[in-house]
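Here is my note on the structure, set out as numbered points. Please read it with the sequence and the model side by side.

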Amino acid sequence: MLKRRSNNMFWYLLIVGAFISCILWMNNLNSQATQYTKNDFIQDVNAGEVERVVLAPSKDVPTGTVYAYAKSGEGYSFHVTDISQIEDLITELNAANAVNVPVYVRAIPEESWFVNQLLPLLIVAALVMLFFGMMNAQQNGGANGKMMDFGKSRARKSESDTKLQDVAGLKEEKEDLEEIIEFLKNPSKFTQVGARIPKGVLLEGPPGTGKTLLAKAIAGEAGVPFFTVSGSDFMEMFVGVGASRVRDLFEDAKKNAPCIIFIDEIDAVARKRGTGMGGGHDEREQTLNQLLVEMDGFTANTGIIVLAATNRVDILDPAILRPGRFDRKITVNRPDVGGRYDILKVHAKTRPLGDDVDLNQVAQTTVGFTGADLENLLNEASIRAAMDDRKYILQSDIQKAFIKVGIGSEKKSRVISDKEKRITAYHEAGHAILFHVLPDMDPVYTVSIIPTGTGAAGYTMPLPEKDEMFLTKGKMKQDIMVSLGGRIAEELIFGDITTGASSDIQKATMRARSMVTRFGMSEKLGLINYDDGQEVFIGRDFGQTRSYGEETANAIDDEVRSIVQKCYEEAKEIILKHENILHKCADLLLEKERITREEFEGLWEA
Ligand code: ADP
Ligand code: MG
Ligand code: ZN
């Protein structure tokens with residue numbers, strides 16, 4: 001593969017070389033002809049420099065070319081509109097100088113048109129065709145192999161007319177981007193006070209949540225040129241083309257600063273280096289390296305801001321996230337119920353709604369839908385309306401569309417029943433309460449019952465406050481309690497339990513077991529490490545690898561069970577004590593789907 005590529009490279013260079021020399025040669029002929037003038041010629045004849053003159057009439061008489069050959073053997077030529085005048089001129093000059101410069105007159109050419117005009121054209125055309133043919137073959141019939149475009153960036157420069165108000169919801173994300181817009185509008189305001197503005201901002205989040213839209217809106221608000229390019233545009237057959245496109249892109253951008261470069265789907269280029277299978281990744285690595293070089297190469301206040309979007313931040317090369325590159329990361333989440341309502345309103349602007357349509361209700365039943373899903377939903381509904389020859393959408397159109405969008409195709413945002421939502425709300429509220437009450441736990445940052453792309457029904461996220469080197473016994477127990485909180489809440493409220501807590505329970509068990517077997521935190525079993533690190537080997541009998549007997553094994557199991565049980569009881573007591581908060585929190589979650597630290601802590605004040 002590699003060999004073949006370099007072979008092709010050779011032909012590519014050869015043909016380009018031939019083509020260029022062909023053009024140079026033709027140019028040269030022309031330029032030489034125009035340099036030598038009739039006046040030069042008269043001077044030369046008078047000076048006795050000219051040995052003989054050849055007159056070459058062209059096909060369109062009386063024009064032609066005069067060739068003057070010097071005694072030294074050199075030849076000069078110039079074009080004239082009337083060749084017979086030159087004959088007369090030489091007769092005159094001969095008489096005046098009392099010499100006899102011989103004049104030869106060529107016959108009017110017959111085939112010269114073909115030789116002079118058509119043949120070079122044909123040669124060039126053949127070369128160009130050959131070149132194109134090769135290009136296409138190499139790109140597997142892919143991209144449009146426009147020769148001149150080849151090493152150039154594929155970025156399209158445009159002025160965006162999207163405005164922030166076209167982006168519904170995403171309030172926090174928009175606030176985060178406000179300063180970037182301000183900076184692009186008025187860079188000196190920032191540089192005056194020595195502020196350094198991030199060079200790169202990475203928008204991260206599931207597909208369809210409006211990252212591309214947001215980037216366009218920033219450009220539109222700031223009123224600056226916007227270069228958009230997709231990560232995959234950099235990937236080409238020839239090694240080095242991607243890198244040269246990156247270089248080209250940044251060059252263009254510098255000329256147009258202040259401006260925005262938007263690299264969509266940046267994961268195509270910025271994947272972790274050296275992880276590819278096989279050897280064919282040198283192109284991507286070169287491209288990525290070039291991108292890093294360019295980002296390091298301009299100073300923060302050049303007026304270029306590089307925005308990038310990805311839905312796979314986990315596979316990005318960590319180098320890209322280093323300070324001075326994409327040092328700002330903005331997570332674009334799936335919208336909560338309010339966000340969904342706003343998005344529906346935006347997309348309903350161009351779609352007349354019947355008076356029975358209740359967008360609020362639609363927003364409530366579409367938990368987990370992204371902006372793109374919602375747009376799609378309304379689009380389906382309008383297709384339905386059109387099929388019925390109606391000029392407006394009815395609620396029933398939306399319901400039918402919902403079934404199609406929600407069930408059709410393996411939707412990541414599957415339709416979630418009210419009951420499931422309620423269970424999730426209480427489950428997460430249970431976790432959240434324990435986070436809040438237990439002294440060694442970090443405060444709650446977000447509680448959400450919007451399903452994640454990874455299959456969790458919701459999540460409670462703490463805000464890590466302090467980095468700690470050690471886990472204390474107390475903290476480990478509190479960890480276990482928090483893990484059990486979801487399950488406890490489900491039990492208390494619904495008198496029944498779901499399978500949703502299985503990973504919580506696994507986490508609690510592992511914690512308890514490591515307290516006993518690794519950290520010597522159990523009084524009964526003492527300061528002994530029972531964990532020889534081999535128990536995870538698959539295909540081996542557990543009994544063979546452990547270094548202790550059956551009795552000890554039973555004792556460990558008992559101890560783990562008793563730790564978990566104690567934690568469970570303590571946690572349950574806490575949740576029971578704050579049952580009013582549990583209800584309030586669950587209700588607020590059902591209403592808003594995602595609540596912030598302030599909203600959660602507000603529940604405790606009332
Ligand atoms: P991403 O780049 O995150 O995959 P896009 O920005 O391409 O998503 O969004 C796709 C489409 O979904 C948009 O063109 C728009 O119609 C709709 N959309 C997504 N998010 C929003 C939003 N917050 N407000 C309005 N429309 C949205
Ligand atoms: Mg996108
Ligand atoms: Zn849980």
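**Notes on the model**

1. W11 lies in helix α1, which runs over residues 2-35. This is a predicted model, and the remarks here should be read with that in mind. At a relative accessibility of 42%, W11 counts as partly exposed, and together with F10 and L14 it forms a nonpolar patch on the surface, the three having about 320 Å² of accessible area together.

2. As for the protein as a whole, it has 20 helices and 13 strands, and of its 606 residues 43% count as buried. Its accessible surface comes to about 32500 Å², of which 53% belongs to carbon and sulfur atoms. Among the contacts with a separation of 6 or more, residues 24 or more positions apart account for 72%.

3. A second surface patch is one of charge: E172, E175, D176 and E178 gather in a patch of negative charge on the surface. E175 lies in helix α5, made up of residues 171-185, and with a relative accessible area of 54% this residue is exposed.

4. The loop between β5 (156-159) and α5 holds L170, whose backbone deserves a look. Phi of L170 is near 45 degrees, a positive value in a residue other than glycine, whereas most residues other than glycine have a negative phi. L170 is buried, its relative accessible area being 14%.

5. A search of the whole structure finds 16 salt bridges, and one of particular interest for this note is that between R340 and E593, with the closest N and O atoms 2.5 Å apart. This pair links distant parts of the chain, with R340 in helix α10 (residues 337-348) and E593 in the loop between α19 (579-592) and β13 (594-596), the two being 253 residues apart. Both R340 and E593 are buried, and for E593 the relative accessibility is 0%.

6. Which residues are joined with R340 and E593 into one network by salt bridges that share partners? The network consists of R340, K421 and E593. A reader checking this region may also wish to inspect the backbone of E593, since phi of E593 is near 70 degrees, a positive value in a residue other than glycine.

7. A further salt bridge is formed by E491 with K572, where the closest N and O atoms are 4.0 Å apart. E491 lies in helix α15 (residues 473-494) and K572 in helix α18 (residues 550-577), so the pair ties together parts that are 81 residues apart in sequence. E491 is partly exposed, with a relative accessible area of 27%, and K572 is likewise partly exposed, with a value of 24%. The 4.0 Å separation may be read against the cut-off for a salt bridge, which is 4 Å.

8. Helix α15 is also the place of I488, a residue that is buried, with a relative accessible area of 0%. Which residues does I488 contact, leaving aside its neighbours within four places in sequence? They are Y568, A571, K572 and I575, so K572 appears both here and as the salt-bridge partner of E491. I488 and H431 are 57 residues apart in sequence, and their C-alpha atoms are 9.1 Å apart in space.

9. Is H578 buried or exposed? With a relative accessible area of 15%, H578 is buried, because buried means under 20% relative accessible area. H578 is found in the loop between α18 and α19, and, not counting residues up to four places away in sequence, it touches I433, V437 and W604.

10. The salt bridge between E601 and R597 has its closest N and O atoms 3.2 Å apart. Its two residues are four residues apart in helix α20 (residues 597-605), and they are therefore separated by about one helical turn. Both are partly exposed, E601 with a relative accessible area of 24% and R597 with one of 23%.

Conventions. Residues are numbered from 1 along each chain as its sequence is written. Chains are lettered from A and ligands numbered from 1 in the order in which they are written. This is a predicted model: local features need pLDDT of at least 70, side-chain atom pairs count only at pLDDT 80 or more; totals for chains, interfaces and linings use all residues. Side-chain values use heavy atoms; hydrogens and water are left out. Patches are made of residues with over 30% relative accessible area and no salt bridge: like charges are joined within 9 Å, nonpolar side chains (Val, Leu, Ile, Met, Phe, Trp, Tyr) within 5 Å. Accessible areas come from the Shrake-Rupley method with a 1.4 Å probe; for residues, only the protein chains shown count as cover. A salt bridge is a side-chain nitrogen of Lys or Arg within 4 Å of a carboxyl oxygen of Asp or Glu. Lys and Arg count as positive and Asp and Glu as negative; His and the chain ends are not counted. The place of a charge is taken as NZ of Lys, CZ of Arg, CG of Asp or CD of Glu. Buried means under 20% relative accessible area, exposed over 50%, partly exposed in between (1.4 Å probe, protein chains only). Contact means heavy atoms within 4.5 Å.
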